[in-house]
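Here's a quick walk through one protein chain, for someone meeting it for the first time. Have a look at the sequence and the model, then read on.

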Amino acid sequence: MLTKGDKWLVIALLIFALAGVGLNMHYIAANGQGQSVVITVNGQTVKTFPLRQGYVGEFRLGGDSGFNIIEYNDGRVRIREADCPDQICVKTGWINISPQQIVCLPYRVVVKVVSDSPADVDDIAR
């Protein structure tokens, strides 16, 4: 049976936990400002565009064979479709935080999120 003190402790811990989640979401949203996407093929930059809310579109790299379709939508980017055999670039999914990147090795395409401000993390693991 929980005592009155135990109930207050549980309520206080829940409030602190929810406050931590809220601050974390605010931090992630604030870091989304000033970011852009750089797309390179064979080490040469082919397109750069800002990564922000409300910016929607897609474009195609390559020809009839050897193509990638890159889609950007509401502050995130992905390779939606590719005709490479392994489809790792498509399976990577959406990215939106610097220094995340998507690599299509067969066609030497790199889609990278870069930020105006320096990153405070050394690495991101999924």
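## Rings, charges and strands

Y72 is buried, with a relative accessibility of 10%; here buried means under 20% relative accessible area, exposed means over 50%, and partly exposed is in between (1.4 Å probe, protein chains only). Before going further, a word on where this comes from: it's a predicted model, where local features need pLDDT of at least 70 and side-chain atom pairs count only at pLDDT 80 or more, while totals for chains, interfaces and linings use all residues. Residues are numbered from 1 along each chain as its sequence is written, and side-chain values use heavy atoms, with hydrogens and water left out.

### The aromatic rings

So what does Y72 pair with? Y55 is the partner, and the two rings are stacked, at 5.4 Å centre to centre with 25 degrees between the planes. Rings of Phe, Tyr and Trp (its six-membered ring) count as a pair if their centres lie within 6.5 Å; planes under 30 degrees apart are called stacked, over 60 edge-to-face, and the rest tilted. Y55 sits in the loop between strand 2 and strand 3 while Y72 is in strand 4, so this pair ties together parts that are 17 residues apart in sequence. Helices and strands here are DSSP runs numbered from the N terminus (H or I with at least four residues for helices, E with at least two for strands). Unlike buried Y72, Y55 is partly exposed at 28% relative accessibility.

The structure holds 5 aromatic pairs. Another of them is F49 with F59: the ring centres are 6.4 Å apart and the planes stand at 85 degrees, so this one is edge-to-face. F49 belongs to strand 2 (residues 44-50) and F59 to strand 3, so the pair ties together parts 10 residues apart in sequence. Both F49 and F59 are buried. Ring pairs link F49, Y55, F59 and Y72 into a cluster.

### Charges over rings and salt bridges

F59 also has a charged visitor: K47 lies over its face, 5.3 Å from the ring centre. Elsewhere, the charged end of R76 sits over the ring of W94, 4.0 Å from the centre. To count, NZ of Lys or CZ of Arg must be within 6 Å of the ring centre and within 35 degrees of the ring normal.

Then there are the salt bridges, where a side-chain nitrogen of Lys or Arg is within 4 Å of a carboxyl oxygen of Asp or Glu. By this rule there are 2 of them, and here they are.

| Acid | Base | N to O distance |
|---|---|---|
| E58 | R80 | 2.4 Å |
| E71 | R78 | 2.7 Å |

The E58–R80 bridge, with its closest N and O atoms 2.4 Å apart, links distant parts of the chain: E58 is in strand 3 (residues 57-61) and R80 in strand 5 (residues 76-82), 22 residues apart. E58 is partly exposed at 43% relative accessibility, and R80 is partly exposed too, at 30%. In the other bridge, E71 is buried at 15%, whereas R78 is partly exposed at 24%.

### Strand 3 and its partner

Which side chains of strand 3 point to the buried face? G57, F59 and L61 do, while E58 and R60 point to the other face and are not buried. Strand 3 runs antiparallel to strand 4 (residues 68-73), joined by 5 bridges; two strands pair if DSSP finds at least two bridges between them. One example is R60, whose bridge partner in strand 4 is I69. The hairpin of these strands has 6 residues between them, and there G62 takes a positive phi near 95 degrees.

N68, also in strand 4, is buried at 1% relative accessibility. Leaving aside neighbours within four places in sequence, N68 has contacts (heavy atoms within 4.5 Å) that include F59, I79, C89, C104 and Y107.

### The open sheet

Finally, an open sheet of 4 strands has the order 2-1-7-6, with antiparallel pairing. Strand 2 and strand 6 (101-104) stand at the edges with a single partner strand each, so one side of each is left without a neighbour in the sheet. Within the sheet, strand 1 (residues 35-41) and strand 2 pair over 6 bridges in the antiparallel sense. T40 has T45 in strand 2 as its bridge partner.
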